[in-house]
Amino acid sequence: MADAKREIERKYESDESGLPDLTGTGGVAAVLDKGLVDLDATYYDTADERLAAASLTLRRRTGGSDAGWHLKFPVAPGVRDEIRAPLSDTVPEEIAALVRSRVRDRALVPLVRLRSARDVRHLVDTEGTLLAEASVDTVTAERLTGAGGAAQWTEIEVELADGGDPALLDQLEKRLRAAGVRPSASPSKLARALEQTGSPAEHRRGKKPAPSEPAKPAERAKPAKPVTAGDHVLAYLRAQRDALVELDPAVRRDLPDAVHRMRVATRRARSTLRTFTGILDRAVTGPVGADLKWLAGELGVDRDQEVLADRLLTALDALPPDLVTGPVRERLTAWADARHGGAHAHLTGILDSRRYLALLDALDSLLADPPLRGAAGGKPGKALAKAVRKDEKKLKAKMEHALDQPAGKDRDLALHEARKKAKRTRYAAEAATEALGADARLLSRAMKSLTTLLGDHQDSVMARRALRELAAVAHAAGESAFTYGLLYGREEARAARLEEELPGRWKEARAQATG
């Protein structure tokens with residue numbers, strides 16, 4: 001089973017002078033010589049280097065204390081999350097799954113071999129506690145594909161100990177700079193190896209793919225500033241595609257809020273295709289939109305359960321202890337864990353499905369060769385404003401219909417439909433913000449406020465449904481259903497208050513949206 005570690009380190013150029021004395025810097029009481037370690041790492045990627053394009057590294061390394069498979073995700077400059085798996089001959093499935101949104105159906109092949117002679121020093125405090133590890137690495141790089149170039153260099157690496165204070169790295173860097181040591185121009189050994197072992201033709205091309213080569217998905221080239229209406233819509237859609245690809249590993253790892261963020265990106269992408277039909281031909285984008293709707297629904301199974309469980313447990317915590325009768329917390333927790341475990345396993349299967357991976361490919365193709373309509377080439381103000389106003393008009397009709405309904409199931413359903421339309425209006429305003437400026441920002445802000453209230457109401461509807469089911473199960477087990485009924489009543493009262501507040505909030509949102 002793979003495990004994770006946050007890696008905080010800095011790399012420096014090194015010459016024959018080696019590592020300067022760091023004793024006395026930032027609480028370093030002693031520098032302990034830990035000897036020489038030989039490391040042998042083979043880095044894997046697709047033939048068109050899709051992982052390298054996204055600053056991801058995947059390696060199989062022997063030697064040292066952490067032999068095995070290592071997958072590194074960039075978090076910030078000098079900070080990466082490292083996922084580790086035991087040593088094996090082939091890429092472990094749990095590691096391969098984490099890069100699937102990048103590589104799709106491409107094979108992972110050996111790309112570069114790095115052999116390092118590492119001279120290790122431990123930087124410790126007065127009590128012998130490890131603060132950081134500093135090493136001088138003599139690296140030999142060998143390209144395993146193409147012409148098979150080679151390179152050699154020496155570098156200094158300083159890695160913070162687990163739980164260490166990042167400020168120590170600043171102090172150590174100040175000392176290193178004073179000794180003439182400079183930060184490395186490359187963010188990683190692999191990046192340097194790719195640069196120095198490439199063919200002369202690759203250097204002349206600046207490492208960009210030739211026209212005949214497939215485009216790398218989500219490559220981090222700085223996009224041109226949008227000019228036309230089509231530029232603005234495609235820029236927003238591209239950002240959502242990138243978010244889907246980048247959040248996929250976090251969803252698989254079950255990281256907090258990852259499912260929610262991925263679901264929002266999916267909805268934003270779908271809303272863009274549905275709103276801006278004057279820009280993108282819906283006859284072409286329709287199937288992509290249908291698959292985005294499917295994916296949002298699958299993501300919703302886990303996300304809705306997560307929100308509901310948190311809401312019910314928070315409400316239970318707010319009750320006085322003498323109003324909690326029976327094993328309510330235990331039942332709620334077991335119910336939440338069982339639902340989440342099943343939902344997450346199902347979602348992981350979805351992310352491995354052909355339909356999902358085909359959707360990512362379809363988004364790539366749509367962005368590479370967009371089905372632009374006539375209005376796409378024009379100035380953005382008129383075309384984007386027209387699309388946003390159309391969504392606003394539909395929302396107005398939905399809200400008026402919902403507010404006309406008597407309290408009960410019909411109003412609950414109508415308010416839920418209005419919420420979905422408000423979200424679509426918000427996303428349309430977001431996509432148009434750079435072109436329309438303050439008006440779009442005000443509308444987006446107003447729609448966010450409205451959807452928050454409507455979301456609270458819908459969560460109350462779902463909470464009451466769950467409480468009825470839990471109460472029935474508890475009663476059948478011979479337990480008291482009193483606390484479930486009390487929580488139900490509080491949710492019912494909360495929904496009533498929200499419905500009383502809604503007409504005023506709707507009026508306020510419309511006023512805010514129009515400035």
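D254 comes out as partly exposed in this predicted model, because its relative accessible area is 36%, a value that falls between the 20% and 50% cut-offs. The residue sits in the loop that runs between α7 (229-252) and α8 (258-275). Its backbone is worth a look too: phi of D254 is near 60°, a positive value in a residue other than glycine. For context, most residues other than glycine have a negative phi.

R104 shows a similar backbone feature, with phi near 55°, again a positive value in a residue that is not glycine. This residue also belongs to a loop, the one between α3 (100-103) and β6 (109-124). Here, though, the surroundings are closed off: R104 counts as buried because its relative accessibility is 7%, and the cut-off for buried is under 20%.

The side chain of R104 does not go unpaired. It meets the side chain of D361 in a salt bridge, at 2.7 Å from N to O. The pair links distant parts of the chain, with R104 in the loop between α3 and β6 and D361 in helix α11 (residues 354-368), 257 residues apart. As for D361, a relative accessibility of 33% makes this residue partly exposed, so the bridge joins a buried arginine to a partly exposed aspartate.

That bridge is one of 54 salt bridges found in a search of the whole structure. Another one brings together the side chains of R84 and D66, at 3.7 Å from N to O. R84 belongs to strand β5 (residues 79-85), while D66 is in the loop between β3 (57-62) and β4 (68-76), so this pair ties together parts that are 18 residues apart in sequence. On the accessibility side, R84 is partly exposed at 25%, whereas D66 counts as buried at 16%.

A more local case is the salt bridge of E173 with R177, where the closest N and O atoms are 3.2 Å apart. Both residues lie in helix α4 (residues 167-178), four residues apart, or about one turn of the helix. E173 is buried, with a relative accessible area of 16%, and R177 is partly exposed, with 37%.

Turning to helix packing, two packed helices are described by the angle between their axes and the distance between the axes. For α8 and α9, the axes come within 8 Å and cross at roughly 155°. The two helices are therefore roughly antiparallel to each other, given that angles over 145 degrees count as such. Their crossing is left-handed. By class, the contact of α8 with α9 has nine nonpolar, five polar and nine charged residues.

Helix α9 (residues 282-317) also holds P287. With a relative accessibility of 52%, P287 counts as exposed, since the cut-off for that label is over 50%. The C-alpha atoms of P287 and R424 are separated by 19 Å, and these residues are 137 apart along the chain.

T483 gives the opposite picture in terms of accessibility: its value is 0%, so the residue counts as buried. Its place is in helix α15 (residues 482-513). Leaving aside residues up to four places away in sequence, T483 touches L316, L319, L323, V324, T325 and V328. One of these contacts, L316, falls within the residue range of helix α9.

How values were computed. Residues numbered from 1 in each chain as written. Predicted model: local features only at pLDDT ≥ 70, side-chain atom pairs only at ≥ 80, totals over all residues. Heavy atoms only, no water. Buried < 20%, exposed > 50% of the residue type's maximum accessible area, 1.4 Å probe, protein only. Contact = heavy atoms within 4.5 Å. Axes fitted to C-alpha atoms, helices over the stretch in contact; angles between N-to-C directions. Parallel < 35°, antiparallel > 145°, perpendicular 65-115°, else oblique. Left-handed = near helix turned anticlockwise from the far one by under 90°. Nonpolar A, V, L, I, M, F, W, Y, C, P; charged D, E, K, R; others polar. Salt bridge = Lys/Arg side-chain N within 4 Å of Asp/Glu carboxyl O.
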